[in-house]
Amino acid sequence: MGRRKKCIAMLLAGGQGSRLGALTKDIAKPAVSFGGKYRIIDFSLSNCANSGIDTVGVLTQYRPFELNAYVGDGEAWDFSSVDGGVYILPPYETQTGGKWYKGTADAIYRNLDFLRKFDADYVLILSGDHLYRMNYNDMLKDHMKKKAAATISVMEVPWEEASRFGILSTDEENQVTKFAEKPKKPESNLASMGIYIFTKDILIDKLIEDANDEESSHDFGKNIIPKLLNEGAHINAYRFDGYWKDVGTIESYYETNMQLLRENPEFSMIDEKFPIMSNSNIYPVQYIGNTAILENCIINNGCKIYGRIKNSIIGNGCVVKEGAYIEDSLVLPDTVIEEDVKIVRSIIGERTVIRQGARIGLREGEITVIGNNETIKKGAVKP
Amino acid sequence: MKEVIGLISANYGTNDMQRLSDERSIASMPFGGRYRLIDFALSNMINSGITAVGLITPYKFRSLLDHIGTGSAWMLDRKKGGLYILPGTTYGMSDKSDRFLLCDMRQNDVYFHRTNAEYVLCTSSNIVCNMDYTPLIEAHTESGADITMVTKIAERNNKYIKKVLVEDGQVTGVKPGVMRGELAFLDSFIIRRELLIQFMEWYSVKEYMDIFDILRKDYKRMDIRTWNYDGYVREIFSVKDYYNTNMELLDMDINGTLFNEQMPIRTKVQDCVPAHVYPQAKVKNSLISSGCLIRGEVENSVLFRGVTIEEGAVVRDSIIMQSSVIKGGAIVKNAVIDRNNLIGSDMVIKGSDEDIYVMLKEQRKAKKMG
């Protein structure tokens, strides 16, 4: 079984992220680019690494190529170790046939081999969809102190948004008394962040029970947690009050990116003690040319900038040619913006080419999104 | 292609670096915003398909080995082949700047014995170029020469570089110092491994000398040829070389020949946040590395990772190394500011094209940024 570990992690990374539209047409949501050099999965992987968790199973399903290639052997997050590391866990075939993962609990259940391989007492279950910095070790300590069966990380959300989340009620000791998945009339504004720590043996028992329950939709929020509560198990709520944002819609994805441009961003990438690590390609140093005019921009490795850019993030390896104008926009890696292009309030996908003189975006209304690997023709107009 | 192992020599220095290389070897001089000079030699080796590389270390090897680690950035953390650290001799501490001391090789002769490779490709570690050695290896194996030296017509005078004398395609000698227009030795050559091992025996009494000086009387007896390289090459021996070569990176044609996707120059990966150019900033014709926070004026300059230029600061024609901070009101012109320096708001630092101002590292310590 190898060296004894306190806790291993399983990261649910199979989601399509359909609300991100063109950005997830060909890649899974956790692999979507962020801040011009990161990918969304960097936050959970970095949190694990910074919390001293060295064994992570990454459960993939939807369009996994980019994600698998990016995660690799996990070396970029210091996960390459002899008795730990990153394990990519796709759905698989068995003697009685194969199926896609049916729900979050089913995905973990189908990887009990992974759970049993490691001699760990606790299992951390994560989704790779959020922007936050969190020391899971503090949560684990709380879980151990309370001797809980499960601990759910929670935070207060505005009451008017509460019905979008799994909502918990707790007693004074933060023990969960009630759990409601997306309630119409929420009794509390404590929302589940989709981060769970389970005592491993209890988790394995519950997953096996759930797998045999034909009525179940095999989901943590809908099935596993309510069942544990009904049985009177100790479910502990761990309160988190830091920055935590879902990047699951175009608007929230755009906003969380653009806040990085502020003088004092709510979530800053800069933190030497708790760095966000990424696995980027090799690029030369950013070059800012003589014709470039930059007003509040984030410029990533390998960019060559000759145009005018205002309040925008330019991803790794992009070229912005002379006479191009970009405002309030996010340009994802390896994209070329040719001469005299005008882009406002837009998200431009990876490896895309915007040919000369094209006009993209509108100052008001919906944010314009151009997908990955596209070519926008010379002079084209995409409002 | 015949099997070739690499040898990179880093066990030498010069007197002309104005103490920038006191605490580090020239091989580990930071370069071009995020690289170190050794990156070129290492990347050229692996880009040419050489997967076993011996590195002769300098006396002050801390920064070099810190940078190279296991060699994983160059994919040299391998089972077969990989990176071999070969401790250099103390002869390297003399400032003679000999690149290929025989004693450095003799002291590490195991490296040459424990391989079946037919050839050894040797190069210096202060060379800036993106060179594909494949045609050199082909030329050498086809000609059957004992040694093939990489050469180029010198673009400027240089006392550190050797001049190569050639008659009828055969090298007849080398002389110290090269003048513009003469044939310069680019400190890279390929030799049959067995012959190199024989050198170690034949010339053992002269082991404290550079191979090419040892051969002085024997050139005519051997088959030594040249292979001309016509790409961009610079060798860094002085502050002036260092400054000018960094500045040449602002020419995007030169930049593009050194740094391209097909033959990437690899370096140690550091997780650095992207550069942020704030609304107050003015940036023209400059390399701005990740982690830089720019609120002041920057023109014709190379900024390394994590440099802070405050509002009201002016930086022109300068090289600012990692984590230095230029306070508002400070003026820096024609200067090389080594890492972790704080340039206060009252400071005016002005060198000239001919006399570059050099500030050694941590002279006025910059507070570590959060």
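**Exercise 1. Determine which residues of helix H6(A) meet which residues of helix H7(A), and describe the crossing.**

Solution. Step 1: in this predicted model, A:Ile202, A:Leu203, A:Lys206, A:Leu207, A:Glu209 and A:Asp210 of H6(A) meet A:Phe220, A:Asn223, A:Ile224, A:Lys227 and A:Leu228 of H7(A). Contact means heavy atoms within 4.5 Å; helices (H or I, at least four residues) and strands (E, at least two) are DSSP runs, numbered from the N terminus.

Step 2: by class, this contact has six nonpolar, one polar and four charged residues. Ala, Val, Leu, Ile, Met, Phe, Trp, Tyr, Cys and Pro count as nonpolar, Asp, Glu, Lys and Arg as charged, and the others, Gly among them, as polar.

Step 3: the axes of H6 (residues 200-211) and H7 (residues 220-230), both of chain A, come within 11 Å and cross at roughly 115 degrees. Axes are lines fitted to C-alpha atoms, for helices over the stretch in contact, with angles from 0 to 180 degrees between N-to-C directions.

The conventions are as follows. Residues are numbered from 1 along each chain as its sequence is written, and chains are lettered from A and ligands numbered from 1 in the order in which they are written. Local features need pLDDT of at least 70, side-chain atom pairs count only at pLDDT 80 or more, and totals for chains, interfaces and linings use all residues; side-chain values use heavy atoms, with hydrogens and water left out.

**Exercise 2. Establish how strand E11(A) is covered and paired.**

Solution. Step 1: four of the five residues of E11 (residues 166-170) of chain A are buried, that is, under 20% relative accessible area (1.4 Å probe, protein chains only).

Step 2: E11(A) runs antiparallel to E12 (residues 176-181) of chain A, joined by five bridges. Two strands pair if DSSP finds at least two bridges between them. A:Leu168 stands opposite A:Phe179 in E12(A).

Step 3: the two strands form a hairpin with five residues between them, and A:Asn174 in the turn has a positive phi of about 65 degrees.

Step 4: E11(A) also pairs with E13 (residues 190-199) of chain A, in the antiparallel sense over two bridges; A:Ala191 is the bridge partner of A:Ile167.

**Exercise 3. Quantify the contact between chain A and chain B.**

Solution. Step 1: chain A contributes 36 residues and chain B 34 residues.

Step 2: about 2800 Å² is buried between the chains, 51% of it from carbon and sulfur atoms. Buried area is the accessible area (1.4 Å probe) that two parts lose on being put together, summed over both.

Step 3: in chain A, A:Ile282, A:Val285 and A:Tyr287 lose the most area to chain B, together 22% of what that side buries.

Key
Buried < 20%, exposed > 50% of the residue type's maximum accessible area, 1.4 Å probe, protein only.
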